[in-house]
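Here are my notes from going through the model, point by point. Have it open alongside as you read.

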Amino acid sequence: MKLIHLVRLSLMVTFIVVMLGAYTRLADAGLGCPDWPGCYGHLTVPNETHEIALAQSLFPSLVIEEDKAWLEMIHRYVAGALGLIVFAITFVGLKTRQLPLFLSVAVTTVVVFQALLGMWTVTMKLMPIVVMGHLLGGFTLFSLLALCHWHLQRQSSIEPSPSVPQRLRPLAVVTLLAVVAQIALGGWTSSNYAALMCTSLPICEGNWTAYLDFATAFDLIQPPQESYEFGTLDYAARMTIHVIHRFGAMVVSVLVLMLAYRLYSTGQPELRKLTLGLLVMLAVQIGLGVGNVLLSLPLVIAVAHNLGAALLLLTVLRINYLLWAAREPRLVRSNSLSKESVHE
């Protein structure tokens, strides 16, 4: 199998893993299996009489919920398969030198760290900072694999890079950083079970400013708990997290709209296509966010909101890749002038 096909496969599997991870987390199945990497001491969910007896002897205080346990294990199986694919990409990338050394090593490093975060998510009983880190790790792997794909595409393409003005680059980078920060805020909101703390639009109901508690809300290392499932913070802290996530959405929206306008103004066909994709993804994300509030976080919409964030991130990352890989019009003109002067 060609390396680019392997990378494409990994992108599809990563998207599935992100979806399964979001579904598992939002369905409150993150502790469906209380141990790692197995489930109640088995490689699959126990269902035979002797397996259930062993599970009950190992975890006498827990009730086996097969549906949640299977959600967790299916997520682990698919994530394990993804890990093998990523190892293959690194091996082929290093052997053939089709990928930069950084990308070849980075994808494997991230997937190994993701496995550790998956283990810590269970062993640390859904500690919010670990759960958020696991989410960000998945998005990081998705982004790195996308960069691998674009690099391989560019190697095999004879088309010249689009010519774009350098002044677009800072705005594109700021927008990318804002999207990453907003995804982190979304992960922090979800891992602290703060998604339903405000049920009205556009900010929050009542005298919400009187309840703001930034110190507690963003204390990344929270006090030790027997379990962090369903959240341990009080209403004020969770409401603060939710409100900041909404303000973050507003900032991202403004930056994305500014970037879209500037990209469209370049007149470059490829950048104009990305502008349309950018606006569609932003509209979908806003719609899904509003739907989560108005419909009290239905599981399908909540999972779609996670996937939309991943696709928005990749769209903004793609724009940055094209802008930084593009040649400068000014340099092209100066080269043309140099040729003219030589002819004269």
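1. Starting with T90: this residue touches S104, V107 and T108, leaving aside residues up to four places away in sequence (contact being heavy atoms within 4.5 Å). T90 sits in helix α3, helices being DSSP runs of H or I with at least four residues, numbered from the N terminus. With a relative accessible area of 10%, T90 is buried; the cut-offs are under 20% for buried, over 50% for exposed and partly exposed in between, using a 1.4 Å probe and protein chains only.

2. Some housekeeping: this is a predicted model, so local features need pLDDT of at least 70 and side-chain atom pairs count only at pLDDT 80 or more, while totals for chains, interfaces and linings use all residues. Residues are numbered from 1 along each chain as its sequence is written, and side-chain values use heavy atoms, with hydrogens and water left out.

3. Another spot on α3 is A81. A81 counts as partly exposed, at 34% relative accessibility. Its C-alpha is 9.9 Å in space from that of V17, with their positions 64 residues apart in sequence.

4. Now the packing. The largest nonpolar core has 60 residues, and I89, F139, L141, L263 and L278 have the most contacts inside it. By nonpolar core I mean buried Ala, Val, Leu, Ile, Met, Phe, Trp, Tyr and Cys residues joined through side-chain atoms within 4.5 Å. Elements giving two or more residues to this core include α1 (3-26), α3 (66-96), α5 (128-156) and α9 (269-294). The biggest contributor is α10, with 13 residues.

5. Which residues does L278 touch, not counting residues up to four places away in sequence? They are V256, L259, A260, L263, L312, T315, V316 and I319. Apart from the largest core lies another, of 15 residues, among them M197, A217, M239 and V243.

6. Helix geometry next. The 31 residues of α8 should span 45 Å at 1.5 Å a residue, and the end C-alpha atoms are 45 Å apart, which agrees; the expected span is 1.5 Å times one less than the number of residues. After α8 comes G267, with a positive phi near 80°.

7. For α6, the 24 residues reach 35 Å from first C-alpha to last, close to the 34 Å expected. Of those 24 residues, 17 are buried, so α6 is largely enclosed by the rest of the structure. Y193 follows α6 and has a positive phi, near 55°.

8. Backbone oddities to look at: the W36 to P37 peptide bond is cis, with omega near 5°, and P37 is in the loop between α1 and α2 (49-58). The L201 to P202 bond is cis too, with omega near 5°; P202 is in the loop between α6 and α7 (214-217).

9. Y40 is not a glycine, yet has a positive phi of about 55°. Y40 is in the loop between α1 and α2 and is buried, with a relative accessible area of 2%. L126, also not a glycine, has a positive phi of about 65°. L126 lies in the loop between α4 and α5 and is buried at 9%.
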